[in-house]
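Work through the exercises below with the sequence and the 3D view at hand. Try each task before reading its solution.

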Amino acid sequence: MALMTSQREAKTGPVVAPAYASPPRAELKGLRISFPLPDMSMLEVISGISMSVAEGEFVAVVGPSGSGKSTILRALCGLLKPSGGEVTVDGKPVSGPPPGVGFMFQKDALLPWRTVAGNIRIGAELGSVPADQHEARIASLIKLLRLEGFENAWPRQLSGGMRQRVSLGRLLAYQPSLMLMDEPFGALDYQTKIAMGRELLSVWEAERRSIIFVTHDIEEAVTLADRVVVFSARPARIIADYKVDIPRPRHLRAMRSDPVFTQLTEAIWSDLAMPS
Amino acid sequence: MALTRTPSDAPDTVIRRKSSWSSSAVPAQAALIFVLLLLWELASYYLYNPFWGSRPSMIAERLWELAVSGHLWMHTSTTLQEAGAGLLLAALLGVPAGIGLARAPRLARLLDPVIMGLYGLPRVALAPLFILWFGIGLFSKIMMSFTMVLFIFILNVMEGIRTIDQDQLDLMKSMRAGRLYVVWTVLLPAIVPWILASFRIGVGLALIGAVVGELIGSNRGLGWYVESSGGQLDTTGVFSGLVVLMILAMVANYLIGFIERKIIKWR
Ligand SMILES: Nc1ncnc2c1ncn2[C@@H]1O[C@H](COP(=O)(O)OP(=O)(O)OP(=O)(O)O)[C@@H](O)[C@H]1O
Ligand SMILES: [Mg+2]
């Protein structure tokens, strides 16, 4: 598998190349994470993962359920202490939550006592946006995420997909330079998923943040990302790391008939189907 | 102690009971009370001697006399002051204590047997001691109400904090939110429903505390009026006092329900 990976990485670069020359935005070196089980033994979830995310790079992570994808994101934003290896963000070892790292949880974690606008405002208040621009920022995000008319709705009045969009709004309002996204579009229907993917790409292309995007949807991973990292079942290792050689700007529907796209999704399918 | 509910189901209770005060239910509720009073009135003519159980018309007459003579207000305001001061004092000390214990789990574990022991103690039985320590004035009754309600606040607030979604706290942490910001945006909003639920449960308990204190030793208040009427075999007097106490609890309950609906719009 390692051979195949390097072959793919050797392929000539995409049109919009990430700035590989600059130091990695985030890096994992030999990361190991174990959790204590009730019977005092240790459950090894991550067994030696090394990967890095370049400045402005969009990396998707796919892998079986329970393989430790969420756990890796938690380690990257300092919510969880690894039992071995190194985690660095912007060259500094992570001990607590590093500045400029935004985490969109798998569960939306909206505050039920805050309206849609109020929940998005939390991102703005805690981020680097100057206070006098909060309102404009929130209004533009509400428009971007198609939440107009729901500014003053309570979270309990929203559908699962709308809640996820509010949670994305809060992340974008925070303006992180590294976005950790844990199945952000998991609760969306196909059309909204495509639309949100398009919006995410336009935000990303405009502002060039780094993204680690965890998903179960292989096609989504390939359509959005520069690289797709495939995790094995627990304990997680990286079984493949594909570069997606599809030029940008991408047309999210048309690219599905691109031979590179079909080849890549096929390859990832067979990686995940492999017993490991 | 029949009025105590387990603290853990308190906020649920809040939600479910909300509807019973919604405006559409009021006519039916009033009708039910009227029918019950009518049955009582009829029963006192045909089923039993009103010497033992009085009757609504006699109670109404007595309440009118008490109101005109000013005694009704004197007794009611006394009991209200005692229960109200006890309740507020319990909230003022119980809420910070609950927050503190929730934030210091080790201290909470250390104090757990003591707190549960005091909570389980039939505090009504403390009344004679309190009269002895604090005299027959207002203060001993305030202390009775206070001890009746204090633990409701402590335990409810602790439970409210315990049920805060860890993801919400982690999210705040991931965005490097300061301690005060987290308290203001997550902790306080999360416990407000639990505090209001404590008030709702506490009103009844505070009244019990005040009345029990008055029964044991005092010279005024609704509890004293009930006690002295009972001593004179005046059942109408006993029931008059009880009716006023019941109305107080109902009005307080209604007020808290009203405040709940004004404050907790997000439920
Ligand atoms: N705090 C914890 N304590 C004990 N075990 C944990 C903890 N957090 C995660 N785990 C275990 O670690 C493993 C990986 O969890 P993780 O949430 O990272 O999986 P995932 O890849 O995100 O799965 P999914 O795709 O279903 O979200 C699981 O087996 C889970 O039971
Ligand atoms: Mg997960």
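The exercises that follow concern a predicted model.

**Exercise 1.** Decide whether helix α2 of chain A is enclosed or open, starting from its buried residues.

*Solution.* Step 1: the helix spans residues 69-76. Step 2: a residue counts as buried under 20% relative accessible area. Step 3: the residues of α2(A) that are buried are A:K69, A:T71, A:I72, A:L73, A:A75 and A:L76. Step 4: that makes 6 of 8, so the helix is largely enclosed by the rest of the structure. Just after α2(A) comes A:G78, with a positive phi of about 75°.

**Exercise 2.** Find which residues coordinate the magnesium ion (ligand 2), and say what the pair ties together.

*Solution.* Step 1: the donors are OG of A:S70 and OE1 of A:Q106, at 1.9 to 2.3 Å. Step 2: A:S70 belongs to helix α2 of chain A, while A:Q106 sits in the loop between β6 (101-104) and α3 (116-126) of chain A, so the pair links parts 36 residues apart in sequence. Step 3: partly exposed means between 20% and 50%. A:S70, at 25% relative accessibility, is therefore partly exposed, and so is A:Q106 at 42%.

**Exercise 3.** Identify the residues that touch the most other members of the largest nonpolar core, and the helix that gives the most to this core.

*Solution.* Step 1: among the 94 residues of this core, the residues sought are A:L76, A:L180, B:F153 and B:M172. Step 2: the helix is α10 (residues 179-216) of chain B, which gives 17 residues. Step 3: apart from this core lies another, of 52 residues, including A:L110 and A:V222.

Conventions
Residues numbered from 1 in each chain as written. Chains lettered and ligands numbered in written order. Predicted model: local features only at pLDDT ≥ 70, side-chain atom pairs only at ≥ 80, totals over all residues. Heavy atoms only, no water. Core = buried A, V, L, I, M, F, W, Y, C linked by side-chain atoms within 4.5 Å. Buried < 20%, exposed > 50% of the residue type's maximum accessible area, 1.4 Å probe, protein only. Helix = DSSP H or I, 4+ residues; strand = E, 2+ residues; numbered from the N terminus. Donors = N, O, S within 2.8 Å, 3.2 Å for Na, K, Ca; no water.
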